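Please walk me through this model in the viewer. Tell me what to select at each stop and what is there.

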Amino acid sequence: MATDQLSLTFSALSDPTRRAILHRLAGGQATVSEIARPFDMTLAAVSKHLRVLEGAGLVSRGKDAQYRPARLDARPLAAASEWIGDYARFWEANLDALDAYLNVLQQLTPSATDKEKPHD
Amino acid sequence: MTDYFTITRELTAPRELVFETLTRPEHFAVWFGTAAIEVPQDSLRMDVRPGGDFHAVMVLPDGNRINWAGEYVTVDPPSHLAMTLTDNPGEYAGLPVLFDLEETDSGTRLTISQDRADFTDEQVEMTIAGYNAFVDDIATVLERLQAV
């Protein structure tokens, strides 16, 4: 479940235009035509990108039937950011354990390293 | 920096030994999960060859168990190992985790990375940038509200 949301988030972020739209929305909500202006894109193209972002939960749309301003919703970004941190912490902790174990292992079984050691 | 999916560690042990600790159950059970979490050696299934299964159980201090599953993709001793790994057996295990071992003057440089086809550096960077931008945005809104 969480993985699906993560995939949606990263997939939505995989497109440079959608990232630019998110950057725009980070500065405040905007209507489709406001978003389209700097991009030299059709309103239909912008709407399509917004739907992908909406599907990933990164953007919510206002209720105003005519303009429906888009707003950034960063909760999925927070979850993705946390996942990235968890991933790094998981391997860092395991590598700490591996490092410590290798040191013990080599003290217990010096023969394990004989091949690598130059003879004095 | 965009090293979110690449973790590098200098280990003072020969490369063959490091590779063994990654691929032999009697070693793997000791370090995987760290000292805080038990991985019973008899829970390990490590069929270390391309297409071979990986299975492990982590027993948490509170007694809960986490099942890990995966599949070895590339086995190239002592320099390279690639395997999928997930704590959600039954679901898509994702792209392989890559273990690269290089010889150094002091021992071995171990690099763990996730295949970039899954999440690119750019995506990760953007996620963090986007999150920070949102936090900045909230801060601006709060300032405005307080200024009123």
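Start with the aromatic rings: a search of this whole predicted model finds eleven aromatic pairs over all chains.

Select Phe90(A) and Trp68(B). These two rings are stacked, with 5.3 Å centre to centre and 25° between the planes. The pair crosses between chains. Phe90(A) sits in helix H5 (residues 75-108) of chain A, and Trp68(B) in strand S4 (residues 65-76) of chain B. Is each partner buried or partly exposed? Phe90(A) is partly exposed, at a relative accessible area of 24%. Trp68(B) is buried, at 8%.

Keep Trp68(B) and add Phe32(B). Here the ring centres are 5.6 Å apart and the planes stand at 75°, over the 60 degrees needed, so this pair is edge-to-face. The two residues are 36 apart in the chain. Phe32(B) lies in the loop between helix H2 (25-31) and strand S2 (45-46) of chain B, while Trp68(B) belongs to strand S4 of chain B. Phe32(B) is buried, with 0% relative accessibility.

Now widen the selection. Phe90(A), Phe32(B) and Trp68(B) belong to one aromatic cluster, whose members also include Trp91(A), Phe28(B), Trp31(B), Phe54(B), Tyr72(B) and Phe99(B).

Use Phe99(B) to reach the last stop. Thr111(B) is in contact with Phe99(B). Select Thr111(B) in strand S7 (residues 108-114) of chain B. Thr111(B) has a relative accessible area of 13%; the limit is under 20%, so this residue counts as buried. Which residues does Thr111(B) contact, leaving aside neighbours within four places in sequence? Show Thr6(B), Ile7(B), Thr8(B), Leu98(B), Phe99(B), Asp100(B) and Glu102(B).

How values were computed: Residues are numbered from 1 along each chain as its sequence is written. Chains are lettered from A and ligands numbered from 1 in the order in which they are written. This is a predicted model: local features need pLDDT of at least 70, side-chain atom pairs count only at pLDDT 80 or more; totals for chains, interfaces and linings use all residues. Side-chain values use heavy atoms; hydrogens and water are left out. Helices (H or I, at least four residues) and strands (E, at least two) are DSSP runs, numbered from the N terminus. Buried means under 20% relative accessible area, exposed over 50%, partly exposed in between (1.4 Å probe, protein chains only). Contact means heavy atoms within 4.5 Å. Rings of Phe, Tyr and Trp (its six-membered ring) pair if their centres lie within 6.5 Å; planes under 30 degrees apart count as stacked, over 60 as edge-to-face and the rest as tilted.
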